[in-house]
Amino acid sequence: MAARKSAPKAASRQGLLPWLGIAFIVILLDQFTKVLIVGWLQHGESREVWSFFNIVRAHNTGAAFSFLANAGGWQRWFFVGLGAVATGFIVYMLKQHGGQRLFSWALTLILGGALGNVIDRLVHGYVVDFLDFHWRFLAPMFPGGHFPAFNIADCAITAGAALLILDEVRRVRRS
């Protein structure tokens with residue numbers, strides 16, 4: 001990635017708070033939905049909403065697609081540490097580039113989602129997932145056609161990653 005233009009120091013500090021506020025809203029929304037799920041469903045329980053969508057209660061001790069889920073426990077602290085390092089880096093980047101709206105939205109969504117899942121790892125030892133989409137065409141890749149369950153934090157991270165790619169494509173096209 002090419003170097004980004006730096007915003008003036010006073011403007012960048014002032015511009016950090018709104019981005020952190022948005023990340024905080026993502027965290028609140030994520031944690032609120034997880035509290036609802038934990039209070040409503042037992043681990044492994046599922047409720048059909050539509051023919052292709054269920055609300056479930058799943059516990060993921062790993063990362064995306066349950067990567068490292070059966071690693072023996074060390075992965076909890078690894079992912080907490082990774083989240084802490086990512087948080088520091090993202091806050092630094094937001095300080096430097098807070099005036100770049102699309103880039104900052106991307107980082108803010110990733111930050112809120114990452115911290116939402118870090119909170120789960122610290123509180124529960126696993127991430128609470130509850131959105132379960134399933135279609136027959138997914139059956140060759142996923143058991144019963146069920147895409148791995150995910151949560152609001154994962155949605156924010158995914159949306160942030162998509163915005164990051166879009167921002168980079170737009171930047172490359174401009175140059």
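In this predicted model, D30 forms a salt bridge with K34, and the closest N and O atoms are 2.8 Å apart. A search of the whole structure finds 4 salt bridges. The chain has 4 helices and 3 strands, and from the N terminus on its elements run α-β-β-α-α-β-α. Of its 175 residues, 40% count as buried.

**Salt bridges around K34**

- D30 and K34 both lie in helix α1 (residues 9–40); because they are 4 residues apart there, about one helical turn separates them.
- D30 is buried, with a relative accessible area of 0%.
- K34 is also buried, at a relative accessible area of 3%.
- K34 meets a further acidic side chain, that of D120, in a salt bridge of 2.9 Å from N to O.
- This pair links distant parts of the chain, since K34 belongs to helix α1 and D120 to helix α3 (residues 101–123), with their positions 86 residues apart.
- D120 and K34 are both buried.
- Which residues are linked in a network of salt bridges? The network consists of D30, K34 and D120.

**Salt bridge in helix α4**

- E168 forms a salt bridge with R171, with the closest N and O atoms 2.4 Å apart.
- The two residues are 3 positions apart in helix α4 (residues 152–174), so E168 and R171 are separated by about one helical turn.
- Both E168 and R171 are buried.

**The sheet**

- The 3 strands form an open sheet in the order β1-β2-β3, with antiparallel pairing.
- β1 (46–50) and β3 stand at the edges and have a single partner strand each, so one side of each is left without a neighbour in the sheet.
- From one strand to the next, the twist averages 30°.
- Strands of a sheet pair through backbone hydrogen bonds, in either a parallel or an antiparallel sense.
- β1 and β2 run antiparallel and are joined by 4 bridges.
- A hairpin of 2 residues connects β1 to β2.
- Within this pairing, S46 stands opposite V56 in β2, and W50 has F53 of β2 as its bridge partner.
- On the other side of the sheet order, strand β2 (residues 53–60) pairs with β3 in the antiparallel sense over 6 bridges.
- N54 stands opposite D132 in β3.
- Is strand β3 (residues 127–133) largely enclosed or largely open? It is largely enclosed by the rest of the structure, because 6 of its 7 residues are buried.

**Packing of α2 against α3**

- Two packed helices are described by the angle between their axes and the distance between the axes.
- The axes of helix α2 (residues 74–97) and α3 cross at roughly 155° and come within 9 Å.
- Angles over 145 degrees count as roughly antiparallel, which makes α2 roughly antiparallel to α3.
- α2 passes α3 in a left-handed crossing.
- On the α2 side, the contact is made by R76, W77, F79, V80, G83, T87, I90, V91, M93, L94 and H97.
- On the α3 side, the contact residues are F103, S104, L107, T108, I110, L111, L115, V118, R121 and L122.

**Packing of α3 against α4**

- α3 and α4 pack with their axes 7 Å apart, at an angle of about 155°.
- The two helices are therefore roughly antiparallel to each other.
- The crossing in which α3 passes α4 is left-handed.
- α3 contributes L102, F103, W105, A106, L107, L109, I110, G113, A114 and N117 to the contact.
- α4 contributes A153, D154, A156, I157, A159, G160, A161, L163, L164, L166, D167 and R170.
- F103, L107 and I110 of α3 take part in the contact with α2 and also in the contact with α4.

**Contacts along the chain**

- Among contacts in the chain with a separation of 6 or more, 64% are between residues 24 or more positions apart.
- The salt bridge between D120 in α3 and K34 in α1 spans 86 residues.

Technical notes:
Residues numbered from 1 in each chain as written. Predicted model: local features only at pLDDT ≥ 70, side-chain atom pairs only at ≥ 80, totals over all residues. Heavy atoms only, no water. Buried < 20%, exposed > 50% of the residue type's maximum accessible area, 1.4 Å probe, protein only. Pairing = 2+ DSSP bridges. Axes fitted to C-alpha atoms, helices over the stretch in contact; angles between N-to-C directions. Parallel < 35°, antiparallel > 145°, perpendicular 65-115°, else oblique. Left-handed = near helix turned anticlockwise from the far one by under 90°. Contact = heavy atoms within 4.5 Å.
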